[in-house]
Amino acid sequence: MRTLAWLAAALLSAATHSAADATAAAPAAAAPTATVPPLPVIIDTDVGDDIDDAFALAIALQEPRLEVIGVTTAWGDTRTRVLLVRRLLAALGRRDVVVAQGPATANTVPFTQKKWALGATDTSAAPDAIEFLREQAHQRPGKITLIALAPLSNLEALARRDLQALQQFRQVVMMGGSIHSGYNQGGAIPVAEPSAEYNIASAPNGLMALLQSKVSVRMFPLDSTQIKFDEVRRDRLFAYGSPASDALALLYHQWRLLNSWGQITPTLFDVVPVAWLLEPSTCPVTPLRIEVDTRGFTRPVSGAANVEVCLTLHEDTAQRLIMNALVSLEPHRSAQ
């Protein structure tokens, strides 16, 4: 009996030690993955003239990594731009986004997508864009990224009304300027000297005010934003049948008929800053000191950097991001 009792005790002890050893050897349970909160952004846009703003808005509005707080309309007919944004928001199911109207200005560029804009069902008055920017900056200091895709008339007005509010943005990520390369109208031969880029030439005082404010600025000039959305990708996107692709198809066809540049395939300048926010590797930035003159030329000069500029775009990566973002019904599908 003593032998049997001893054997039973030994077996129990061995089983206990084996279980302990197995527990010690097993990998620790994976810690819960920390969820990264979406980046709060406000988009300042002159949507409705060229088509690239609409593409940039559609991508940002469908991207879960971005919290689009509001859209402010800038330059030209800012009231009709409000209507266009509202109709796009309705199509994408994003009526939660505030649309605010900036001061109207003179504008000689055709409003190519006006007919689509006038189909908006919500024609109520819009809040003041400058006051909206001011309030949001003060409510969330250092948190909000301002994506500037238009002439900087709204930023100039904000600097005059409340400079501290402009300084309280986390950063301004802007499409504008021309450092070494100018407009490449034909889409094939690079222009090896800078141009007075449209956004800056339209409101050079806006960039001057922005640089004087000392807020962090990431600039995406002509050097890195002349990305062509070719016919193959265009047709694949428009055939997809999502709310975003259907809206963009209608806007594209109006733009194609009425744009004064004779373009058939759009150049998606304004998409590049949004792509960079989502995947910074698409367009690496480098510190530079930039000066702007009254004609809108942006020239690099010696001295301490006042902007970070992307001079080279990884176009294949950017094109893939555009397609994947706009094919929203299958968010994990890889489209080329």
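Arg 295 first. At 53% relative accessibility, Arg 295 counts as exposed, because the cut-off for exposed is over 50%. Its salt-bridge partner is Asp 293, with the closest N and O atoms 3.9 Å apart. Keep in mind that this is a predicted model.

Stay in that region. Strands β7 and β8 form a hairpin with 5 residues between them. Look at Gly 296 in the turn: its phi is positive, about 100°. The two strands run antiparallel and are joined by 4 bridges. Arg 289 has a bridge partner in β8, namely Val 301.

Now the other neighbour of β7. Strand β7, residues 285-292, is joined to strand β9, residues 307-310, by 4 bridges. That pair also runs antiparallel. Thr 286 stands opposite Val 309 of β9.

Step back to the whole sheet. How many strands does the open sheet have, and in what order? There are 9, and the order reads β3-β2-β1-β4-β5-β6-β9-β7-β8. The pairing is mixed. At the edges sit β3, residues 98-101, and β8, residues 298-301, each pairing on one side only. On average, neighbouring strands are turned by 30° against each other, direction ignored.

Next, β5. Strand β4, residues 145-148, pairs with β5 in the parallel sense, over 4 bridges. Leu 146 stands opposite Val 172 in β5. On to β6: β5 and β6 also pair in the parallel sense, again over 4 bridges. Here Val 172 stands opposite Val 217 in β6. So Val 172 faces Leu 146 and Val 217.

Is β5 buried or exposed? 5 of its 5 residues are buried, so the strand is largely enclosed by the rest of the structure. Gln 171, Val 173 and Met 175 point one way. Val 172 and Met 174 point the other way.

Two helices lie across the sheet. Helix α3, residues 78-91, crosses β1, β2 and β3. Helix α3 runs at about 170° to β3. Helix α9, residues 204-213, lies across β5, β6, β7, β8 and β9. Its angle to β7 is about 120°.

Now one residue in detail: Thr 225. Thr 225 lies in helix α10, residues 222-225. Its relative accessible area is 0%, so Thr 225 is buried. What does its side chain reach? The backbone oxygen of Pro 221, at 2.8 Å. Set aside neighbours within four places in sequence, and Thr 225 is in contact with Met 175, Phe 220, Thr 267, Leu 268, Phe 269 and Val 272. One of these, Met 175, you have met already, as a buried residue of β5.

On to charges. The structure holds 15 salt bridges. One of them joins the side chains of Arg 161 and Asp 128, at 3.0 Å from N to O. This pair links distant parts of the chain, 33 residues apart. Arg 161 is in helix α6, and Asp 128 is in the loop between α4 and α5. Arg 161 is partly exposed, at 46% relative accessible area. Asp 128 is partly exposed too, at 34%. Both belong to a network of salt bridges, which links Asp 128, Glu 131, Arg 134, Arg 161 and Asp 162.

What about the rest of helix α6? 7 of its 9 residues are buried, so α6 is largely enclosed by the rest of the structure. The buried ones are Ser 153, Asn 154, Leu 155, Glu 156, Ala 157, Leu 158 and Ala 159.

Another salt bridge: Asp 230 with Arg 233, closest N and O atoms 2.8 Å apart. Which partner is buried and which partly exposed? Asp 230 counts as partly exposed, at 25% relative accessibility. Arg 233 counts as buried, at 16%, because the cut-off for buried is under 20%.

Arg 233 takes us to the last item, a helix pair. Helix α11, residues 231-238, packs on helix α14, residues 315-326. The angle is about 10°, and the axes are 10 Å apart. The two helices are therefore roughly parallel to each other. From α11, Arg 233, Arg 236 and Leu 237 make the contact. From α14, the residues are Gln 319, Met 323 and Leu 326. So Arg 233 has two roles to note: salt-bridge partner of Asp 230, and part of the contact between α11 and α14.

How values were computed:
Residues are numbered from 1 along each chain as its sequence is written. This is a predicted model: local features need pLDDT of at least 70, side-chain atom pairs count only at pLDDT 80 or more; totals for chains, interfaces and linings use all residues. Side-chain values use heavy atoms; hydrogens and water are left out. Two strands pair if DSSP finds at least two bridges between them. Axes are lines fitted to C-alpha atoms, for helices over the stretch in contact, and angles run from 0 to 180 degrees between N-to-C directions. Contact means heavy atoms within 4.5 Å. Buried means under 20% relative accessible area, exposed over 50%, partly exposed in between (1.4 Å probe, protein chains only). A polar contact is a pair of N or O atoms within 3.5 Å; within protein, one must be able to donate a hydrogen and the other to accept it, and residues adjacent in sequence count only if both atoms are side-chain atoms. A salt bridge is a side-chain nitrogen of Lys or Arg within 4 Å of a carboxyl oxygen of Asp or Glu. Angles under 35 degrees count as roughly parallel, over 145 as roughly antiparallel, 65 to 115 as roughly perpendicular and the rest as oblique.
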